[in-house]
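Open the model in a viewer and keep the selection panel at hand. The stops below go from a helix pair to the cores and then to the whole chain.

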Amino acid sequence: MRSATDPLPFRPERVLIAGVTGSGKTTLARRVAGLWGLRHVEIDALFHGENWIPRPAFLDDVRAFAAEDRWVTEWQYTSKGTDEILAPRAQLAIWLDYPYRVVRSRLLRRTLGRSILRTRIYNGNVEKPIWRMFSGIPEENILAWQTMTLHKWSERMPGVASEHPHLVIVRLRHPRETERWLRAQAEASGVSTAPPKRRSRDR
C-alpha cells in the first residue's frame with residue numbers, strides 16, 4: 001500500500017476513490033478526472049432514480065462504463081454487487097482515510113447546506129429534511145450511517161489488497177496529504193491541481 005509520497009508505477013486509466021461518506025470522494029474524482037483526462041462517472045447518479053428510488057438498471061450501467069478504457073468513480077454500493085465489476089477492472093484505488101473530525105465536519109456542512117438550500121442533486125433529488133438527521137435509523141440518518149460505516153475501509157483494505165494484487169492502492173490520511181499527492185501527480189502532467197469551487201453536491 002502506497003502513501004502520498006510514493007510514486008505511481010504507471011499513469012492509471014481506471015481509478016476508484018474509496019472512503020467513508022463525507023470524505024470527499026466525488027470532489028477528488030472530479031480533480032483526478034481533470035488531471036488525467038478521465039471520464040468521471042458519479043456512481044450515486046447511477047444508483048438513485050427520482051425520489052431516491054434505486055434504479056433497476058444500476059448494475060447494468062456500472063458494467064457498461066467499467067468496460068470502457070478510461071474512467072474514475074467513487075467506490076460505493078459494494079453490498080449491491082459493484083465490487084465484482086469495478087475492482088477487477090480498476091488499476092488504482094485512492095483511499096481517503098481521514099480523521100473522524102475531518103469527515104464529520106465535512107458531512108455536517110454538506111448535509112446542512114443541501115437541506116437548507118433544497119439543492120437539487122442527481123436526477124432531481126433534494127437532500128432529506130434536517131429532522132432526518134436525528135433519526136436513529138442509519139438508512140434515514142446520514143450521520144448515523146457515517147458512524148456505522150466509519151471503519152469499513154480499514155477492515156476491508158487488507159482483503160482487497162490480497163484479492164486484487166494488480167490494484168495499486170494509495171492511502172491518504174489527511175486532506176493535506178491529498179493535496180501533496182495531487183501536486184506530485186501534476187508535475188508530470190503539467191496541469192493545475194487547484195481545488196474546484198465548492199459545490200453543495202460535493203461528496
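Select helix 1 and helix 8 and look at how they cross: the crossing is left-handed, a term for the near helix being turned anticlockwise from the far one by less than a right angle. This is a predicted model, in which local features need pLDDT of at least 70 and side-chain atom pairs count only at pLDDT 80 or more, while totals for chains, interfaces and linings use all residues. Residues are numbered from 1 along each chain as its sequence is written, and side-chain values use heavy atoms, with hydrogens and water left out.

Helix 1 covers residues 25-36 and helix 8 residues 175-189; their axes come within 10 Å and cross at roughly 15°. That makes helix 1 roughly parallel to helix 8 (angles under 35 degrees count as such). Axes here are lines fitted to C-alpha atoms over the stretch in contact, with angles from 0 to 180 degrees between N-to-C directions. Helices are DSSP runs of H or I with at least four residues, strands runs of E with at least two, numbered from the N terminus.

Now show side chains at this contact (heavy atoms within 4.5 Å). Helix 1 contributes Leu 28, Arg 31, Val 32, Leu 35 and Trp 36, and the residues from helix 8 include Trp 181, Leu 182 and Gln 185.

Next, centre on Trp 181. Not counting residues up to four places away in sequence, Trp 181 touches Ser 3, Ala 4, Leu 8, Val 32, Trp 36, Leu 92, Ile 94, Val 170 and Leu 172.

Trp 181 also leads into the largest nonpolar core, where, of 25 residues, Val 15, Val 32, Trp 36, Leu 92, Ile 94 and Trp 181 touch the most other members. A nonpolar core is a set of buried Ala, Val, Leu, Ile, Met, Phe, Trp, Tyr and Cys residues joined through side-chain atoms within 4.5 Å; buried means under 20% relative accessible area with a 1.4 Å probe, protein chains only. Helix 1 gives the most to this core, with six residues.

A second, separate core of 24 residues includes Leu 16, Ala 18, Val 41 and Ile 169. Select Leu 16, in strand 1; Leu 16 counts as buried because its relative accessibility is 0%. Draw a distance from its C-alpha atom to that of Leu 92, 76 residues apart along the chain: 6.3 Å.

Finally, zoom out. The protein chain has eight helices and five strands, and buried residues make up 50% of its 203 residues.

Methods:
Angles under 35 degrees count as roughly parallel, over 145 as roughly antiparallel, 65 to 115 as roughly perpendicular and the rest as oblique.
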